[in-house]
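The following exercises are to be worked through with the sequence and the coordinates at hand. Each task is followed by a solution in steps.

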Amino acid sequence: RINNLKLFPVSIDLKIGNRNPLINVNIEAGVSTVRVGIPKSSACRIECESVMINKGFEDFVKKSGNIYETENYYSSTEKINVVFTGAISDVKIYRY
């Protein structure tokens, strides 16, 4: 199980499964391209603490400040929480 990733500089495509009801992932990246796949059956919250990044969060709603959630976040029994910290990066979170 991977909970914390530190990526400097890199290009990575990470696909997260849904074998646990609660998954927490912390990603630190600098000068990187990061793609993260989230199962459509899981709800997801993204906290994005970053500077100068290109964000692409498919099927997410901006809640406040740097918080993004899927519509089913509070009703789902499967949750994935992603905290992204970084600078000068391209970050895409997509549903599969």
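**Exercise 1.** Which residue in S7 does Ser-64 stand opposite?

*Solution.* This is a predicted model, in which local features need pLDDT of at least 70 and side-chain atom pairs count only at pLDDT 80 or more, while totals for chains, interfaces and linings use all residues. Residues are numbered from 1 along each chain as its sequence is written, and side-chain values use heavy atoms, with hydrogens and water left out.

Step 1. Locate the strands, which are DSSP runs of E with at least two residues, numbered from the N terminus. S6 covers residues 61-64 and S7 covers residues 67-69.

Step 2. Establish the pairing, for which DSSP must find at least two bridges between two strands. S6 and S7 run antiparallel and are joined by three bridges.

Step 3. Read off the partner: Ile-67 in S7 is opposite Ser-64.

Step 4. Inspect the connection. Two residues lie between S6 and S7 in this hairpin, and Gly-65 in the turn has a positive phi of about 50°.

**Exercise 2.** Identify the residues with the most contacts inside the largest nonpolar core, and the strands that supply the core.

*Solution.* Step 1. Apply the criterion: a nonpolar core is a set of buried (under 20% relative accessible area, 1.4 Å probe, protein chains only) Ala, Val, Leu, Ile, Met, Phe, Trp, Tyr and Cys residues joined through side-chain atoms within 4.5 Å. The largest such core has 21 residues, and Ile-38, Ile-46, Phe-57, Phe-84 and Ile-93 have the most contacts inside it.

Step 2. Assign the strands. At least two residues of this core come from each of S3 (22-30), S4 (33-38), S5 (43-57) and S8 (79-95).

Step 3. List the contacts (heavy atoms within 4.5 Å) of one core residue. Leaving aside neighbours within four places in sequence, Ile-46 is in contact with Phe-57, Phe-60, Asn-66, Ile-67, Tyr-68, Val-82 and Ile-93.

**Exercise 3.** Describe the place and accessibility of Asp-59 and Ile-88.

*Solution.* Step 1. Asp-59 is in the loop between S5 and S6, and its phi is near 65°, a positive value in a residue other than glycine. Asp-59 is exposed (over 50%) because its relative accessibility is 51%.

Step 2. Ile-88 is in strand S8 and, although not a glycine, has a positive phi of about 50°. Its relative accessible area is 48%, so Ile-88 is partly exposed, the class between the buried and exposed limits.

**Exercise 4.** Which residues does Ser-50 touch, not counting residues up to four places away in sequence?

*Solution.* Step 1. Ser-50 is in strand S5 and counts as partly exposed at 29% relative accessibility.

Step 2. Ser-50 touches Phe-84 and Gly-86.

Note on methods: Helix = DSSP H or I, 4+ residues; strand = E, 2+ residues; numbered from the N terminus. Contact = heavy atoms within 4.5 Å.
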